[in-house]
Amino acid sequence: MIDPDAELVRNAGAGDARAAEALVRRHLPRMVGLARRMLNDGAEAEDVAQEVFLRVWREAPRWKPGAAKFETWMHRVALNLCYDRLRRKREKSDPDAGLYVADNKPMASDLWLARQRETKVHAALADLPERQRAALVLVHFQELSNIAAAEMLEISVEALESLLARGRRALKAALADVAADLIGDADGVSRM
């Protein structure tokens, strides 16, 4: 297995700031994207990405290539950090739960429609069980192969495909009432 990050990790572990910067440039958008989709919160996603890279700097000097690709390890760390945050959210009560403060800033109608669509999809994604959400995010948003996603989730490819199928069915059901609106938007005709 050839790890495209092996040399950068080795050099970053030896204190090469340029190699460390290259690792951040290469992986930061994917780490933030993964965490944002898992947590549905941009600020928390940035915190998770920062924690992933702190762990990268700590582990880089000790990294031994061959067992897994470095990117796989980074995705696993990000997923575990997301699971931890989701668990903590469930365990503590939120005094602002149910309180929604509308953003009164004027927006162009097309931006508003796009945001509404994004919100509906993110809400439906956030309602999925963690494992189904992780499978969908890794395969559809992170564009990883089923094999790579299964490795990151530490499950078989068959188990991943089962999670994907259940997640897709749940998303389809959750978005059924807005599917016509979403399709209408794609055609340039709003049905909202």
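Biologist: Let's start with one helix. Which residues are buried in α6?

Modeller: Glu130, Gln132, Arg133, Ala134, Ala135, Leu136, Val137, Leu138 and Val139 are the buried ones in α6. That's 9 of its 12 residues, and the helix is mostly covered. Keep in mind that you're looking at a predicted model.

Biologist: Okay, then how sure is the predictor, and where is confidence lowest and highest?

Modeller: The mean pLDDT of the protein is 84, and 82% of the residues score at least 70. Confidence is lowest in helix α9, residues 179–186, with a mean of 58, and highest in α8, with a mean of 94. Be careful with residues 185–192: pLDDT stays under 50 there. For that stretch, the model has 14 contacts beyond four places in sequence.

Biologist: Now the overall picture. How many helices and strands are there?

Modeller: The protein has 9 helices and 0 strands. Read from the N terminus, the elements go α-α-α-α-α-α-α-α-α. There are 192 residues, and 38% of them count as buried. About 11600 Å² of the protein is exposed, with carbon and sulfur atoms supplying 53% of that.

Biologist: And what share of the contacts joins residues 24 or more positions apart?

Modeller: Take the contacts with a separation of 6 or more: 65% of them are between residues 24 or more positions apart.

Biologist: Back to α6. What does Glu130 touch there?

Modeller: Glu130 sits in helix α6. The residue has a relative accessible area of 16%, so it counts as buried, the cut-off being under 20%. Leave aside the neighbours within four places in sequence, and Glu130 is in contact with Met38, Tyr83, Leu86 and Arg90.

Biologist: How do I describe two helices that pack together?

Modeller: You give the angle between their axes and the distance between the axes. Try it on α6, residues 130–141, and α8: the angle is about 95° and the axes are 8 Å apart. The two helices are therefore roughly perpendicular to each other.

Biologist: Which residues make that contact?

Modeller: From α6 come Arg131, Gln132, Ala135, Leu136, Val139 and His140. From α8 come Leu160, Leu163, Leu164, Arg166, Gly167, Arg168, Ala170 and Leu171. Sorted by class, the contact of α6 with α8 has 8 nonpolar, 3 polar and 3 charged residues.

Biologist: Let me try another pair. At what angle do α7 and α8 cross?

Modeller: Helix α7, residues 146–153, and helix α8, residues 157–174, cross at roughly 95°, and their axes come within 9 Å. So α7 is roughly perpendicular to α8. On the α7 side, the contact uses Asn146, Ile147, Ala149, Ala150 and Leu153. On the α8 side, Val157, Leu160, Glu161 and Leu164 take part. Those residues split into 7 nonpolar, 1 polar and 1 charged.

Biologist: Within α7, which residues are buried, and what do they pack against?

Modeller: The buried ones are Ala148, Ala149, Ala150, Met152 and Leu153. The buried residues of α7 pack against α4 (70–91), α6 and α8.

Biologist: What about Ile147: buried or exposed?

Modeller: Ile147, also in helix α7, is exposed, because its relative accessible area is 59% and the cut-off is over 50%. Between the C-alpha atoms of Ile147 and Val157 the distance is 5.9 Å, while in sequence the two residues are 10 apart.

Biologist: Last thing: what sign should I expect for phi?

Modeller: Most residues other than glycine have a negative phi. Here, though, Glu143 has a positive phi near 55°. This residue lies in the loop between α6 and α7, and with a relative accessible area of 66% Glu143 is exposed.

Biologist: Which residue with a positive phi follows α7?

Modeller: Glu154 does, with a phi near 60°. Another case is Asn40, whose phi is positive at about 60° although Asn40 is not a glycine. Asn40 is found in the loop between α2 (17–39) and α3 (42–59). With 39% relative accessibility, Asn40 counts as partly exposed.

Terms used:
Residues numbered from 1 in each chain as written. Predicted model: local features only at pLDDT ≥ 70, side-chain atom pairs only at ≥ 80, totals over all residues. Heavy atoms only, no water. Axes fitted to C-alpha atoms, helices over the stretch in contact; angles between N-to-C directions. Helix = DSSP H or I, 4+ residues; strand = E, 2+ residues; numbered from the N terminus. Parallel < 35°, antiparallel > 145°, perpendicular 65-115°, else oblique. Contact = heavy atoms within 4.5 Å. Nonpolar A, V, L, I, M, F, W, Y, C, P; charged D, E, K, R; others polar. Buried < 20%, exposed > 50% of the residue type's maximum accessible area, 1.4 Å probe, protein only. pLDDT = per-residue confidence, 0-100. Areas by Shrake-Rupley, 256 points an atom, 1.4 Å probe, with all protein chains shown as cover.
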